[in-house]
Each structure stands twice: as structure tokens, then as C-alpha cells.
Amino acid sequence: MDKLLFERLSKSMTQMNEIVEGQCAASRVTEVTATQVKAIRQATGLSQAGFARLISVSVDTLKNWEQGRREPTGPAKALLRAIENDPVHVILALAPR
């Protein structure tokens with residue numbers, strides 16, 4: 001691995017740990033709102049059941065997100081952002097083979 005790339009990656013991981021441990025604030029925070037969850041799903045053309053199956057959550061969980069009763073967290077939020085940013089490739093990667 002390129003030495004400069006390794007140093008940048010190492011610095012990034014150190015910063016991530018400082019944020020997680022509360023030693024410094026994140027430079028930005030991305031929120032995924034109920035409106036966005038529904039819009040992301042609708043943009044894929046999938047039903048609630050199909051989208052829930054694709055991202056491995058229950059239909060009830062997806063409905064709660066879309067209706068604002070709950071918010072996706074952690075990996076689910078990251079996966080929704082990935083689908084929003086590059087739906088074609090992410091959906092292909094998630095599709096059963």
C-alpha cells in the first residue's frame with residue numbers, strides 16, 4: 001500500500017475513534033428522515049415488502065421509518081445513504097444470486 005495512503009487512512013481511523021469516544025465532534029452529521037426513507041424506496045421502484053427484503057429488515061421496521069415513528073440507525077442509515085447515492089450498483093450488490 002502507498003505510504004501516503006496508509007498515513008491518511010490511519011489518521012482517518014484515529015479521528016473516527018476520537019468522535020466515537022466523544023473526544024471531538026464530527027465535522028458533519030447526516031440525518032435520514034422519514035420522507036427520505038420513503039423517497040429512497042420509491043426511487044427504487046420496489047414495494048415496501050420488496051425493499052424491506054432487499055435491505056434485510058422487517059416490513060414493520062420499514063413502515064416505522066417511513067412514518068417517522070422510528071429512525072434508521074448505524075448500518076441501516078449507511079445502507080440507505082448508499083442506495084440513495086448509487087441505487088443501481090448497491091441494489092445489484094444486495095440482490096440475491
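**View 1. Salt bridge between R41 and E66 in the predicted model.** In this predicted model, the side chains of R41 and E66 meet in a salt bridge, with an N to O distance of 2.5 Å. Because R41 belongs to helix α2 and E66 to helix α4, the pair ties together parts that are 25 residues apart in sequence. A search of the whole structure finds 1 salt bridge. Both partners fall under the 20% limit for buried residues: R41 is buried, with a relative accessible area of 9%, and E66 likewise counts as buried, at 11% relative accessibility. As general background, side chains of opposite charge can pair when their charged atoms come close.

**View 2. Surroundings of R41.** When residues up to four places away in sequence are not counted, R41 touches L46, S47, Q48, F51, L62 and E66. Two of these neighbours, F51 and L62, are also members of the largest nonpolar core, whereas E66 is the salt-bridge partner of R41.

**View 3. The buried and exposed faces of helix α2.** The buried residues of α2 are V37, I40 and R41; seen down the axis of the helix, they fall within an arc of 95°, so they line one face of α2. The cover over these buried residues includes α3, α4 and α5, while the face turned away from the buried side carries the exposed residues T35 and A43. After α2 comes G45, whose phi is positive, near 80°.

**View 4. The largest nonpolar core.** This core has 11 residues in all, namely V37, I40, F51, A52, L54, I55, L62, W65, L80, I83 and V90. The elements that give two or more residues to this core are α2 (34-44), α3 (48-54), α4 (59-66) and α5 (74-85), and α3 gives the most, with 3 residues. In soluble globular proteins, nonpolar side chains tend to be buried together.

**View 5. Contacts of the core residue I83.** Leaving aside neighbours within four places in sequence, I83 is in contact with I40, T44, F51, I55, V90 and L94. Among these contacts, I40, F51, I55 and V90 belong, as I83 does, to the largest nonpolar core.

**View 6. A nonpolar patch on the surface.** The residues L9, M13, M16 and V20 make a nonpolar surface patch of about 400 Å². One of them, M16, lies in helix α1, which spans residues 3-20; at 45% relative accessibility, M16 counts as partly exposed.

Note on methods: Residues numbered from 1 in each chain as written. Predicted model: local features only at pLDDT ≥ 70, side-chain atom pairs only at ≥ 80, totals over all residues. Heavy atoms only, no water. Patch = residues over 30% accessible without salt bridge, like charges linked within 9 Å, V, L, I, M, F, W, Y side chains within 5 Å. Areas by Shrake-Rupley, 256 points an atom, 1.4 Å probe, with all protein chains shown as cover. Salt bridge = Lys/Arg side-chain N within 4 Å of Asp/Glu carboxyl O. Helix = DSSP H or I, 4+ residues; strand = E, 2+ residues; numbered from the N terminus. Buried < 20%, exposed > 50% of the residue type's maximum accessible area, 1.4 Å probe, protein only. Core = buried A, V, L, I, M, F, W, Y, C linked by side-chain atoms within 4.5 Å. Contact = heavy atoms within 4.5 Å. Arc of directions from axis to C-beta.
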